[in-house]
Structures are given as C-alpha cells and as structure tokens.
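Please look over the sequence and the model shown here. The briefing that follows takes up a run of paired strands and then a patch of charge on the surface.

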Amino acid sequence: MIENTNIEKKSLIQHGSLTRHQRWRLIKDNLAGKGVVFGGLGVIAAIVLIFFYLLYVVVPLFASAEAEAVGQYDVPELAEGKTVLLAMEEQNEVAVRFTEQGKVIFFSVSNGETIKLESLDIPQESQISSFAQGDQTKGVVAYGLSDGRAIVVKHNYKVTYPNDKRLITPVIEYPLGMDPIVVDKAGMGLKKLAIRVDEEMTTLVAITADNRVILSHYAKEESMFDDEPSMELTEAVLDSVTMDVEYLLVDKEQRLLYLAGVDGHLSVYSLADKAKPRLIQHLSVVDKGLTVTNLQFLTGEISLLIGDSSGLVSQWTLVRDDKNQKIMQTLRSFKTTENASLYVSAEQRRKGFVTVSSKGVVGIYHSTAEREMLKMNVTEAKPLAIALSPRANAFMLQSDDGKMNVWHVLNEHPDVSFDSIWKEVWYESYPQPDYIWQSSSSSNDFEPKMSLTPLVFGTLKAAFYAMMVAIPLAIMGAIYTAYFMAPAMRNYVKPSIELMEALPTVILGFLAGLWLAPFVEENLVGIFSLFMIVPLGVMVFAYVWQKLPKAIQHRVPSGWDAALLIPVILITAWFSFVISPAIEGLCFNGDMRVWMNDVFGIGYDQRNSLVVGLAMGFAVIPTIFSITEDAIFSVPKNLTVGSLALGATPWQTMTRVVLLTASPGIFSAIMIGFGRAVGETMIVLMATGNTPVMDLSIFQGMRTLSANIAVEMPESEVDSTHYRVLFLAALVLFLFTFVFNTLAELVRQNLREKYSSL
C-alpha cells in the first residue's frame, strides 16, 4: 500500500495536477517521515551518549597510578646524624627528619631549605639507645635512653593565613611532659621501644639491654576530690619471650602487642589485662631460609605488613578459627621485587602501601584490591628512609648518596579492581572471604567494601520473584480476555488493567513497606494458604458448574463466565485467612516464623522477597497483560476460524494455533516486563529492607542496583571512588538491559520467522 501511495504521489507530481490540499498533505507526510527518522536517530544518539558518559566516569577507576619526579637535593643538615624517621605534613610543603642524635630538622619539601632545627632535651648523663614511632597520624615519637627512661615528643604543624597566604609553622611538643619517663626502674638501657599515646592512656613497651620485655601503662584517673586527673601506672614483665626481638609494635587500641625476630618468628600478646599480658599465638611468618626485613601496621592497625628477604610482602591479621580462638592468618601476599623489601610504608587513609627494595625500586600497592598500581626505579643508590604523604599523593626517598628524591603521585582510585568488585574478598576482621557492599561508616579507619555482586544478585532475585507472580496471572488473564471473554466485558476489563500501569510506583512501594509487609508477617500462613485454596476453589466451582443443568448454564451469556468467579475468589480468599490460625496452631506450634527458624534455621525479615514479589508483580502485571492481550487479539481470525472448521476445539485452537502465532508478542511482553522489574526503584527501595545480602530464601531481603544508586548517589562525593562505583553500577544495569533485550529481540525474530507461515 505504501509503495502504491508513493507511486501515486510521483505520478501526480510528474503531471503537475496536485491540488492545494494534496500539496499540503504531501508536505505533512514528508515532515512526519523526517520527524520519525529524526526521533529514532535521536533516541539512538541519546542511548549512545548515555553509554559513553557512563564509561567516561567509570574508566578512571581502573587506571594505574602515575608518578612524577619534582625535585632532588642534598639531604638537609646531613651532619646532624643518621635519619631514624622521615615524615611530611599534609600539604606536602614541610618535612621533618629525626636523627639518631636527637636532632629534629624541619625543611621545605620543594627545595630542602632548612626551616627549623631543634635539639631535644636529652639528659647529659644519658645517651640515645633506641627510637620508636607511635601513631603516624598523630606525629608522636619516642627516644629510648641508656638509663631506662624515654622521652616522648610530637611534631605538629600550625596553619595560619597572614595576608591571605598559607603559612605552615612546625613545632615540637611534649605530650607527656618534658621530663623523661621511667620505663625500667632498674636503669638498664632501652634497646627496643614501642609507644602509644592517647588522651586517656599511654602504653610503652621496651626491651632492655638485658633482654627483659617491660610494659608500662599509664591510665588517666578522675577523682571527685581532685580537680587534676592522676595517672595510674601499671607495670608488667613478659617472662615468656625467648626469641631475639627485632620488631616491636603496639596497636592503637593498646590491646595487642606484636614481637617479631629477624628469623620470622612472631609472638602476639593480648594486653586486655595490662598487669598480665597473655600470649595468643607464636608462629613463623616467613618461609624457611628467609628473614624479615620490615614489619609495619596497615592502616587501621588490624593487619600487619611483613616484608621478607625475597621481596614478598604479606598481610597478616587475627581471625577466629572454628573453635572461636583468635589466630594469625595471612590474607594476601604481594611479590614486590626479586630483592629484599627494605622499607614498607602504609598510607594513612587507605589500605594502600609503598615498598622500597634494596635496589631503589619503589612499588605502590593496594592490599584489599590486590592491585599493583605502580613500580619504578627511583634511585640507583641504597635507600635509607622514605616518607609518604598523609594524602598518599607524594613521597620522599633518602638514599646513601646524600640525596633526597621528591616525587608527586597521582593515585585516585586504588581500592577498586575486578576482583574487589566481582569476586569474594577477605576483609579484615572477617572470618572468611565474602561478597560485601558497605560503602560508608562512622569510623575513619573504615575500609569501603564495594562488591557489586550482592547488588546484581538482589536485582535478579527481586525480578525473579516479581515475574513468578506476574507471568502466570498476566498471561493467563490475557489469554482469557483476548480469546474467550465477551467483547462487551473485554471493553471494561482491558482498560481497567491497563489503568493499573498508571499507578505511581512510589505509592505501591509505600503501601508495600508500611502495610503489606506487616500484613504478610502477621498472616504468613494465610498468604500460603491463599495460593492453594483459591485455585482449588476455582477448580471445584468449575467442576460443579459443568455438572449443572444446561438450562442454568445457558442463562449466563457466552464469555461472561469469568464474572461468576469474582465471588468465588473473594470467598475462598477470605476462607484462607480465616482458617490460617488453626493451620498455624496445628502444624507450626502457633508461629510459623519461629517454627521455620527452630526446625530449618530459616530466619524471617519483615521486608523480604515475598513482599517484593507481590508488590512488584502487581506493578508488572499491566505491562505483560496489555502486550500479550494485543498479540493474541491480533492473530488473524481466518486462522482460528479455519482451525475450528477443521474440527479443533477452542482450547486446541488456542494452544496449537493462536499461542504459536502470538508467541513473538508474548515473548516481547515477558521481556519488557522483566526489564521493568530489573529497573524498578521505588518498590524495592521501600519493600526490601535494603540489605545487600546474598540469600536465596524468599523470607530475606535484598538490595538492588537501582535502589542502591537512588539511596547512595545523593550522599556520594563527586568524582570520589564511591561516586564512580555507583556509575559503574548504572553501567552494569545499562549493559544488562541492553544485552538482555538484544538477545530477546533475536529470539522474538526467530519465533516470528518460525511461525509466520501459519
């Protein structure tokens, strides 16, 4: 027909016999055709632009780190002694060098110019015998002395803005007073030292020259009769230490003590009772023939980073075993170089760390993501000290050729990798690897856990239960409405069901969360009884109806039979809830939820998959019903009439002719309904509990991709890792629907070609 119309138009144009009305119609036809083409291309362009924008935001997540050398100069005040600690402040403008002679040199990061040089007040009769760094975020360090005392200092940086220009002034403070603290009353020198200083308590652990391990704990005590709080001292000696200790660490909670030797033996002590430290475990943390070259805390101080002479850096942490006992467990290892890892420096705000080999090779890694972000050779000389910026965007490396190398680092998103997003990850404090989504916490030491696997699982789970409810009701209803129902009744039923699609999903979600979820919880047996008693009642009524005299049956016009089922359904539904208390008392000891938990260990969450299936299935029914009904109703009448004329029953005609012919449209209806269920936001947001767990139970909730984006996107920092991972979730949802719909279209076309000959 279209070709004949075009030929007619061309003929009229050629003969010049177009009237004004025909010319105007031709113009409108051309404009409409071009508008359709433009609109179609616009839709395609919009989809492509959305895809590339999502990709643009997501790609930086998987980019490697970059580093750039910004300066090299002579080590400031090299004559003041060997460096025992190198550090820099947050703005990367001022650095500090503590020396073995008790000198503190503050200098400019950019050019090495000395800003301030201070000498610590070391008693004349004493000599420095050891050095220890406390919490690097607080800047506390301690010098152990040869007379059994220790002096504790803190490097701090005051920021002012004279003339609207930032000025950083470094200062040395004495958090425990300028007088040295007595650690060993016997007066023996402290050859190893560990310190932790908090507002309420301070813990020092030292190894004396005669190899005793001494613990001194100061706790602040408030007195109702004294305005000034007093410090209560608790002392202890660890008699069980037999190894030659090289590394000594106390965690920031001052509850764990780690002692390690060069040979790789590690002892872990509990300091819960400061007067009686208890040995938790003694083990070897390196392979035979290797030595420990470095031992540091990872950020949060739940794990240890242990470097050995083979260039391997391992992450160890305490986990609970099958007997609920805490044991040290290696979570993951990194092969940094073929040479020994001389230095390991942990980032202050992420689970990343930097390693330096004996050959001057610097590597940047992230522990949880198990990513090697960067590896490069910084110097040919032997490294002596490294300082990592608090923001991990710069580092300084001192080498034995008297040079200080300063590098700027760009490493925005190291905590995301393919493994951390899609695979099980063994997080600190977890007994085993797991899929976890937990993007925020009130603690600064919190490690974001951004696995998309539980969100994808929740999305598919919600869609599955919704389709379980929607597909049978929608398709069966559409079959009856399109083929068996009287036209007059169809004129009421079809628009009414299609009108349901206009209901705002936020209202459905609101009702599901505040009314349906408590109702299902209180009437759980009634809900399951409903699924059994109502179909049984319908079948019994159908059997009785068939046995009634024909005179009674003929009083109901053909196609109006469904109206008789309305009271049947209402009565059987009412009966299901009436009888449910008796069933619950007889079969489930009066409470089905408690019975399931006691017998099968199945818990019950009020907002669960059953509620989502009912609510979202109700929302999806109109979409599937409308398209399916149109597909069945559009089957040519000559096919059905021909089938009936050949002796087939109406049911045989429906199942063997009509359904096969309409199968492409029915399949499209299911796929569109499934896409609606996958992308639904408000219902799953309000009715699922938003718990990102992977549980197949119909009585547990879930969190979907769309609901997660809706909840967390307003709170995420623009361009942060969290922000980009949410865009990655959107990209996954986009690709999922695109790929699934493409495959569905291929199947639909195949069905159309297969049954087009009917």
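**Strand pairing and a surface patch**

Strand 27 (residues 383–388) runs antiparallel to strand 28, and five bridges join the two. The model is a predicted one, and the points below are grouped by topic.

**Pairing around strand 28**
- Within the pairing of strand 27 and strand 28, leucine 388 has phenylalanine 395 of strand 28 as its bridge partner.
- These two strands, strand 27 and strand 28, make a hairpin with five residues between them, and in its turn alanine 392 has a positive phi of about 60°.
- Strand 28 also pairs with strand 29 (residues 403–410), again in the antiparallel sense and over five bridges, with histidine 408 of strand 29 as the bridge partner of alanine 394.
- Three residues lie between the strands in the hairpin of strand 28 and strand 29, where glycine 402 takes a positive phi near 80°.

**Burial of strand 28**
- Six of the six residues of strand 28 (residues 394–399) are buried, so this strand is largely enclosed by the rest of the structure.
- In a regular strand, side chains alternate between the two faces of the sheet.
- Both faces of strand 28 are covered, with Ala394, Met396 and Gln398 buried on one side and Phe395, Leu397 and Ser399 buried on the other.

**Positive charge on the surface**
- A patch of positive charge on the surface is formed where Arg255, Arg278, Arg320 and Lys326 gather.
- Arginine 320, one of the residues of this patch, lies in strand 21 (residues 312–320) and is partly exposed, with a relative accessible area of 43%.

Key: Residues numbered from 1 in each chain as written. Predicted model: local features only at pLDDT ≥ 70, side-chain atom pairs only at ≥ 80, totals over all residues. Heavy atoms only, no water. Patch = residues over 30% accessible without salt bridge, like charges linked within 9 Å, V, L, I, M, F, W, Y side chains within 5 Å. Areas by Shrake-Rupley, 256 points an atom, 1.4 Å probe, with all protein chains shown as cover. Salt bridge = Lys/Arg side-chain N within 4 Å of Asp/Glu carboxyl O. Lys, Arg positive; Asp, Glu negative; His and termini not counted. Charge placed at Lys NZ, Arg CZ, Asp CG, Glu CD. Helix = DSSP H or I, 4+ residues; strand = E, 2+ residues; numbered from the N terminus. Buried < 20%, exposed > 50% of the residue type's maximum accessible area, 1.4 Å probe, protein only. Pairing = 2+ DSSP bridges.
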